[in-house]
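Me: Could you help me read this structure, one question at a time?

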Amino acid sequence: MSIEVETVRRLFELSKLSVAEEEIASFQGDLEAMLDYAKSLEEVNTDGVEPTFFITPQANVFREDVVSPSLPSEKVLQEAPTKIHRYFRLPKVIENI
Amino acid sequence: MQANRLTISEIQAGLKGKTLTCESLARQYLDAIQKHNPDINAFLSIDPDQVILDAKASDQRLNSGGAMRELEGVFAGIKDNIHVHGMTTTCASKILKGFSPVYEATVVKRLREAGAIIMGKLNCDEFAMGSSNENSAYGPVKNPLNRNLVPGGSSGGSAAAVAAGFCTVALGSDTGGSIRQPASFCSVVGLKPTYGTVSRRGLVAFASSFDQIGPLALCVEDAMLVHQVISGKDNQDATSLTHTPKWTPLKKDTGSLADLVVGVPEEFMGEGIDKEVSEAMDQTIQNLKKMGARVVSVSLKLVNRCLPVYYILSSAEASSNLARYDSVRYGPRLHEGGNLDDLYLKNRSLGFGAEVKRRIILGTYVLSEGYYDAFYLKAQKMRTLIRQDFDHAFTQCDVLLTPTSPFPPFSLGAKTEDPMAMYLADICTVPVSIAGLPAISIPVPRTTNQLPVGIQLITPALKEDQLFTYAQAMEVMLKGNHL
């Protein structure tokens, strides 16, 4: 199954990953090989078969709606590479304010 | 026998008889680590002072009349995708370098409550993606049985640590074979429990409909003892099952296997299985028959479809699970500057290795509009058929027997350039993961110049009690009959 170079670029973009020009061909080849393999599933008839999205018989798991303590904010922020006061610090997203 | 090769029951007998202390045991493990870990590279982080402190505390407790707890005197290594209080969790990735979790995994808490001492964090393939432990950002692990060989993956550090006598037992995680395959490569026992029996609170998610935590150990009994402690409902993991069976200790005198019906899937006996592995399987089957078991041929006709199904589903789940690594809330900032999009892009690109990227883009592809039905939905339907295959096989036998890996451990570097060849390493383990069943790999004893081979036993879901019983009987049988 052939995959366009543009498609590979777009997949990286959608995945919030960058890719060097010289790496594209190798990712493209690997993706093509995997998709060829995946395409072979077409040979199996699955008409009328229900998909299994989850493998245990469990459905929704509910709990009592009671308030319990969450992690304190200093713990939540403990591993943030940049923070200010009680917030994660990010590059400015909205221009000209 | 060296103390760092003792099983749990041997350790506890030593503690009871005062011929052994936790501290002396700790020092033996630490010595082995100091001597051999720099080359084997199984442990990524360890705090020897803490280990000694914990060991002394256990000794004091026992000396002052404290009861022997289930895992008293057990030193456990933990795969580096499971959170341990006070230690980093890197998932063998640059994107989590130096990351300190703010809570401890339920399985680790349960180990500590049962008396186990946490030894340190074990190397693995990055985000548990790989079959040789060569995808670690912190260097590959070497197989302690032969250092030119890979230890298997992704829980390669866990298998190597147990095999090298660095700890009594280890925890790994298994998504498509990541406990069983390295167990077979390093000649130790590895259990993948039924999906939902062990809490994943504190396990870094890779493919959530597959991931399970399980033990690697020197013998079946040790794996059982650890599984008994870590399994059971946890309110902090909604996928953990309410009904988790407990089992009674096994009988040791399992000399006969009369009445047992062992099913051998014909698909695992021919093409694609290395000669050495086939020979070990044949010998095992002959021995089983001698012990009175009935061996029948069964068919899992969709086995050759399992790898694509697995890679579609697990990569789709991974692409979604790994979207959380944004270098904003945790993890190191590997690149500064630019706008928010640049921040995500540059940090994720620098942080993830090639295999992780491959799986993310494959997952993104199969989930994207226009391809969802053809790949993702198709694979979920296949999952139904594969489960039915197993259900059908279990109408003909009590337990399934397969090789754990189609080939013995290979040389470091032999498959790193060919991802598809690497994926084949999981061909015997992936079907079980797709169906959510329990399976255990036990080593087939070999002569010193032969490569390690493991066999895999599979039972229906939640039948771990039977799995342990059969596995221990076969372990006794195999130990008495060197192939």
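Reply: Happy to, starting with the largest pocket. Its lining divides into 19 nonpolar, ten polar and seven charged residues. Here Ala, Val, Leu, Ile, Met, Phe, Trp, Tyr, Cys and Pro count as nonpolar, Asp, Glu, Lys and Arg as charged, and the others, Gly among them, as polar. The model is predicted: local features need pLDDT of at least 70 and side-chain atom pairs 80 or more, while totals for chains, interfaces and linings use all residues. Residues are numbered from 1 along each chain as written, chains are lettered from A and ligands numbered from 1 in the order written, and side-chain values use heavy atoms, without hydrogens and water.

Me: Which element gives the most to the lining of the largest pocket?

Reply: A pocket is an open set of points on a 1 Å grid over the protein atoms alone, where a 1.4 Å probe fits, with protein on both sides within 12 Å along at least five of seven lines; lining residues have an atom within 4 Å of a point. Helices are DSSP runs (H or I, at least four residues), numbered from the N terminus. With six residues, the top contributor is H15(B).

Me: How many salt bridges does the rule find across the interface of chain B and chain A?

Reply: The rule asks for a side-chain nitrogen of Lys or Arg within 4 Å of a carboxyl oxygen of Asp or Glu. Arg358(B) and Asp30(A) form such a pair, with their closest N and O atoms 2.9 Å apart. Across this interface, the number of salt bridges is three.

Technical notes. Helix = DSSP H or I, 4+ residues; strand = E, 2+ residues; numbered from the N terminus.
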